[in-house]
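Biologist: I'd like to go through this one with you, a piece at a time. Could you pull it up?

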Amino acid sequence: MTPTRLNYPVDRHGLIRRDLTVEAGFSDHDLAHSVKTKQLIRLTSGVYRARIDVDPEDRTAVAEAKIEAFRLKSLAIATGRDHGGNTALSHTSAAIVHGLPLLKPELEMVHLTNGEIGGGRARKNSLLHASDLPAGDVVKVNGVWITSLARTAADVAQLAPAHDPLAFSQAMTVFDAALRAGVDRDELAAQLDRRRRRGTRVAKAALPWADRRAESVGESWGRAQMIQRGLPAPELQVEYHVGGETHRVDGDWERKLVWEFDGRGKYQRYLADGETPADAYWREKKREDALRSLGVFVVRTYWDLMERGRAVDPIERALFHLGLC
């Protein structure tokens, strides 16, 4: 993921602002030309970002570029002249700025909360939520007010209506991430208890299952699908010792069944020095063979199968075969 290299000055958020470019000797014509040639993307009045170049075949890089673009858009709108006072970035926008991984986030509208009981409104690129903002619910990050981690996670978990098939998975994903970031479970519960919203019931159902040991969105989503299917949840990040090596697995049931999630970029993005994707695949195969040598049954799930709702099928069959459910 590489931003287009330009000579325009950027602020501390990585944004290109008209007033700074003019001070540096550039003209409005320069900016307009850069927008026309797609070197710059206009985010809001007088605020731009550089184009982000990625390999379109690298789905992980494409997803990361979309997240970064939305982060910059959120910061541009939050620091623009139309917002200020008690307004804070919130919901999905706050989660992205905090670095909380989310499942299928909507990355069009920037979310802000006004700290009042009224005055919410929708604009072309932003949603202003009307809600109180107690002092403990807001923090300043790099000079920008945003909702706290706990408040943000609760807001995101309640965004989707209960009939949304992804609502439970989205709530559990953000709760896993918040716990992993150090938020206390009781603090999340308190956030849910004090506000009545359309998604509160689903969020409250997801919170008891949240686990800080989940290390990725895929692990959270896979677990959520198992729970919704009525299957026993796995123990996470269990260690196996074999052949003088330690292997940590994504999920485990009674040391009889192991679950491994293969993310989109497993054999492309996270390679050891000098490794090719084929080397990484072979390394994973040897690791799996070592686990099988202990008599352990291993099931892998993949992102594409989870998209189709089929990833849990082999886990369910294995659990019944092994008498684990």
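Modeller: Here we go, and keep in mind that this is a predicted model. Let's begin with one serine: leaving out residues up to four places away in sequence, Ser-220 touches Met-172, Thr-173, Asp-176 and Ala-214.

Biologist: Where is Ser-220 found, and is the residue buried or exposed?
Modeller: Buried means under 20% relative accessible area. Ser-220 has a value of 1%, so this serine counts as buried. As for its place, Ser-220 is found in residues 217–228, which is helix α9.

Biologist: Which side chain makes a polar contact with that of Ser-220?
Modeller: Go back to the residues that Ser-220 touches, which include Thr-173 and Asp-176. The side-chain polar contact, at 2.6 Å, is with Asp-176.

Biologist: How confident is the predictor overall, and where is the pLDDT below 50?
Modeller: The chain averages a pLDDT of 90, and 91% of the residues score at least 70. One stretch has a pLDDT below 50, and beyond near neighbours in sequence it still has 24 contacts in the model. That stretch is residues 264–271.

Biologist: Give me the overall picture: how many helices and strands are there?
Modeller: The chain has 325 residues, and 47% of them are buried. Its C-alpha trace spans about 70 × 50 × 30 Å along the principal axes. Of the contacts with a separation of 6 or more, 58% are between residues 24 or more positions apart. The count you asked for is 12 helices and 15 strands.

Biologist: Which helix gives the most to the largest nonpolar core?
Modeller: That core has 46 residues, and those with the most contacts inside it include Leu-15, Leu-89, Leu-112 and Leu-188. Phe-168, Val-174 and Phe-175 are also among them. With nine residues, the helix that gives the most is α6, residues 167–180.

Biologist: How many residues are in the other core, the one with Trp-253?
Modeller: That core lies apart from the largest one. Met-226, Leu-231 and Leu-257 are among its members, along with Trp-253. The number is 19 residues.

Biologist: Why is helix α5 described as largely enclosed by the rest of the structure?
Modeller: Look at the residues: Ala-150, Arg-151, Thr-152, Ala-153, Ala-154, Asp-155, Val-156 and Ala-157 are buried. They pack against α4, β7, β11, α6, α7 and α8. Helix α5 is largely enclosed because its buried residues number eight of the nine.

Biologist: What separates the C-alpha atoms of Val-156 and Arg-17?
Modeller: Val-156 is one of the buried residues of α5, while Arg-17 is found in strand β2. Along the chain the two are 139 residues apart. Their C-alpha atoms are separated by 30 Å.

Biologist: Arg-17 is buried at 14% relative accessible area; which side chain makes a polar contact with its side chain?
Modeller: Not counting residues up to four places away in sequence, Arg-17 touches Asp-11, Gly-46, Val-47 and Thr-79. The side-chain polar contact, at 2.6 Å, is with Thr-79.

Biologist: What is the phi of His-91, and is this residue buried or exposed?
Modeller: Most residues other than glycine have a negative phi. His-91, in helix α4, has a positive one, near 50°. At a relative accessible area of 3%, His-91 is buried.

Biologist: And where does Lys-104 lie, with its positive phi of about 50°?
Modeller: Lys-104 is not a glycine either, but at 38% relative accessibility it counts as partly exposed. Lys-104 lies in the loop between α4 and β7.

Biologist: Which residues form the aromatic cluster?
Modeller: Searching the whole structure gives three aromatic pairs. Separately, Arg-255 lies over the face of Tyr-240, 4.6 Å from the ring centre. The cluster is formed by Trp-221, Phe-261 and Trp-303.

Biologist: One more: how far apart are the C-alpha atoms of Leu-322 and Lys-256?
Modeller: Leu-322 is in the segment after α12 and counts as partly exposed, at 27% relative accessibility. Leaving aside neighbours within four places in sequence, Leu-322 is in contact with Lys-256, Leu-257 and Phe-297. Leu-322 and Lys-256 are 66 residues apart along the chain, and their C-alpha atoms are separated by 7.6 Å.

Methods
Residues are numbered from 1 along each chain as its sequence is written. This is a predicted model: local features need pLDDT of at least 70, side-chain atom pairs count only at pLDDT 80 or more; totals for chains, interfaces and linings use all residues. Side-chain values use heavy atoms; hydrogens and water are left out. A nonpolar core is a set of buried Ala, Val, Leu, Ile, Met, Phe, Trp, Tyr and Cys residues joined through side-chain atoms within 4.5 Å. Buried means under 20% relative accessible area, exposed over 50%, partly exposed in between (1.4 Å probe, protein chains only). Helices (H or I, at least four residues) and strands (E, at least two) are DSSP runs, numbered from the N terminus. Rings of Phe, Tyr and Trp (its six-membered ring) pair if their centres lie within 6.5 Å; planes under 30 degrees apart count as stacked, over 60 as edge-to-face and the rest as tilted. A charge sits over a ring if NZ of Lys or CZ of Arg is within 6 Å of the ring centre and within 35 degrees of the ring normal. A polar contact is a pair of N or O atoms within 3.5 Å; within protein, one must be able to donate a hydrogen and the other to accept it, and residues adjacent in sequence count only if both atoms are side-chain atoms. Contact means heavy atoms within 4.5 Å. pLDDT is the predictor's confidence in each residue, from 0 to 100.
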